[in-house]
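Trainee: Could you walk me through this structure, one question at a time?

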Amino acid sequence: MIDPKNGEHRGGAEGEPLQLALAFIESQADLQEMRQQVLADTLARIRHAAPVAVSNKNLLFRIAALTFRQRIAAAIVLTLGGLSLWIVLSVFGGFTSVTYAQVAEQIRALRTVSWNETVSGGASPMRLTIKTYCMEPSHVRMEIGQGMAVTIIDQASGKSLVLNGLTRTAELMQIQTTGVPAPMQDTAAYFRNLAEQKGEPIEDRVIGDITARGFRTTSFGFPTSLWVDPKTKRPLMVESTVTMGGQEMKLRMTDFVFDAPLEQSLFSLQPPPGYKVSQIHPMVIVIDLEQNVTTLLRYYSAENGGSFPPSLNDILQLTKMVSPHMSNGQFDDDGQKIISALGAMTGSMMFLSQGTDYGYTPQGVKLGDAGKRVFWYLNKDTKTYRAIYGDLHAADIAAAELPIKK
Amino acid sequence: MIDWERILREVGPAVWKTAWKVLGNRADADECFQEACMAAVEFSRKNTVQHWPSLLHRLAANRAIDRLRQRVRRRGRESLIDQDQLAAGDATPVQLAQDSEFAARLRSALTELPPKHAEAFCLFHMSGWTYVQIAESLSITPDLVGVWLQRARERLRIVLAGAKEAVSEVKS
């Protein structure tokens, strides 16, 4: 039997057993249809088994998806305190009915806090759930996707344990940071900043049996609303819209529990029984945007014929740089440097606005192009602009030379 | 974001049908379809999927052939006779029985082919792919697809010729 469309031979001579068998199978298959229930069951299995895998664009989903992205997540949490942690702590300073002194007093008195968080983003109908526990002096536990991925961090020692429930693997990390104080390491400096924030009243909201007072504030540049128990002056619900990796995401934090006794075992850095354990080299993370971007551009261009990555927000693409540096589940020194730079750069960029605080223009620039600018940013400490060029040298640049959005 | 609902609604029925054609019964096709989808989820965690229909068809075809092999090992070739209710159409009961026997022999013989030949055969004859589509999906040349298919058909014809003789003996 010849296919009339392309002349390909589909079967055999009329009446030969092979052709009869195929024709019979075809005729019987024509009578069969997949039941809708199979489709529904399959979708349910996909959503249940791999909630982090159903999205490949949302940054947080990506971070949670694979072990080495968890390392990056841990690096971000460890270096910058974790986005939700910052927001939750910052909202204490964001409402008008409580003075800074009261806020600071409450915060200093807190021994433990936990909350649930949902993250939804982009066009995704999926929601990521995160349960966060914090305990003085410096312990944080984040359970992502109903405990499927767990990151336990001791910020004081820089030690971290990353558990992947899907693969039942555990990774011990030791991260040293330089460049910025993490919020739980320098609480006094952190709350001095909080005191400068203002909050404006918004509509109250009934949460449970409490009429919570609403306030709108800004937390690290992200619009944030919170509803506060008028009696305790503590938040019952916090909502924030953040932009990470070019994706806008909505965070909602609820079920705050303050000063409840928490088991020390929640923060144990001992891998659970049955987990395959690996220990990676100590990571040194430097919170220096210029240095980290330069590192990433250098490694990427070296492995891609002198081209620079099309985007610095596409974490999935950038993490592919790490693969050649992995062997038997371990990264070599270069792999560690890439992960460190990627984690720190991603963390830094959470708090920067593209076009205003930084710009990335790799089009038409190749490694070695000393006269072509590939990246620029505002150094907020010195209030000057800096640029990185195609040959990876950096220099001060005048604001007038940059396409800064007004 | 991977829009699984859209992908499965668009491609799922055809992928499921490929599984049914290879396996010949609904329960196995359902399970095979789910296994293929979960394998696709796993694959997409570590790779960028360029063409979901190709991936799902290939996964379904390979898993269906694996299931055939398991079934033959466990229960013998008789288990490959279509278990869903057979529709006669214009065929006589004798024809129906004969064709059903040929189909069972074909499925059994598929399990003995080299895996790549079996996959190419299923994609071509049961999923309706062209040489070029198979070649692109398997990263080989269309000529090589033709060679694999030719070898697969030769082998299957030998097995089915034996079946024809057996059926003729029964008829006589």
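Trainee: Which residues of α1(A) are buried?
Mentor: Happy to help! This is a predicted model, in which local features need pLDDT of at least 70, side-chain atom pairs count only at pLDDT 80 or more, and totals for chains, interfaces and linings use all residues. Residues are numbered from 1 along each chain as its sequence is written, while chains are lettered from A and ligands numbered from 1 in the order in which they are written. A residue is buried if 20 or more other C-beta atoms, placed from the backbone, lie within 10 Å of its own, and in α1(A) those are P17(A), L18(A), L20(A), A21(A), L22(A), F24(A), I25(A) and Q28(A).

Trainee: How far apart are the end C-alpha atoms of helix α1 of chain A?
Mentor: Helices (H or I, at least four residues) and strands (E, at least two) are DSSP runs, numbered from the N terminus. The expected span of a helix is 1.5 Å times one less than its number of residues, so the 13 residues of α1(A), 17-29, should span 18 Å. The model agrees, with the end C-alpha atoms 18 Å apart.

Trainee: What does A21(A) contact, leaving aside its neighbours within four places in sequence?
Mentor: Contact here asks for C-beta atoms, placed from the backbone, within 7 Å. With those sequence neighbours left aside, the partners of A21(A) are D99(B), F102(B), A103(B), L106(B) and L160(B).

Trainee: Which helix gives the most to the largest nonpolar core?
Mentor: A nonpolar core is a set of buried Ala, Val, Leu, Ile, Met, Phe, Trp, Tyr and Cys residues joined through C-beta atoms within 7 Å. The largest has 56 residues, and A21(A), A19(B), F33(B) and A60(B) touch the most other members. Nine of its residues come from the helix that gives the most, α1 (residues 4-23) of chain B.

Trainee: What is the strand order in the open sheet of four strands, and which strands stand at its edges?
Mentor: Two strands pair if DSSP finds at least two bridges between them. In chain A the order is β16-β17-β18-β19, with antiparallel pairing. Each edge strand has a single partner, so one side of it is left without a neighbour in the sheet; these are β16 (358-360) and β19 (394-397).

Trainee: Which residue in β19(A) is the bridge partner of I388(A)?
Mentor: Let's follow the bridges across. Strands β17 (residues 373-379) and β18 (residues 384-389) of chain A pair over six bridges, and F375(A) stands opposite I388(A) in β18(A). Four bridges then join β18(A) to β19(A), where the partner of I388(A) is A394(A).

Trainee: Which residue in the turn between β18(A) and β19(A) has a positive phi?
Mentor: These two strands form a hairpin with four residues between them. In that turn, a positive phi of about 70 degrees belongs to L392(A).

Trainee: Why is β4 of chain A described as largely enclosed by the rest of the structure?
Mentor: Strand β4(A) (residues 149-154) is joined to β3(A) (residues 139-144) by six antiparallel bridges, and E143(A) stands opposite V150(A). It also pairs with β5(A) (residues 159-164) over six bridges, where I152(A) stands opposite L161(A). The description holds because the buried residues of β4(A) number five of the six.

Key: Buried ≥ 20, exposed ≤ 12 C-beta atoms within 10 Å, placed from the backbone. Contact = placed C-beta atoms within 7 Å.
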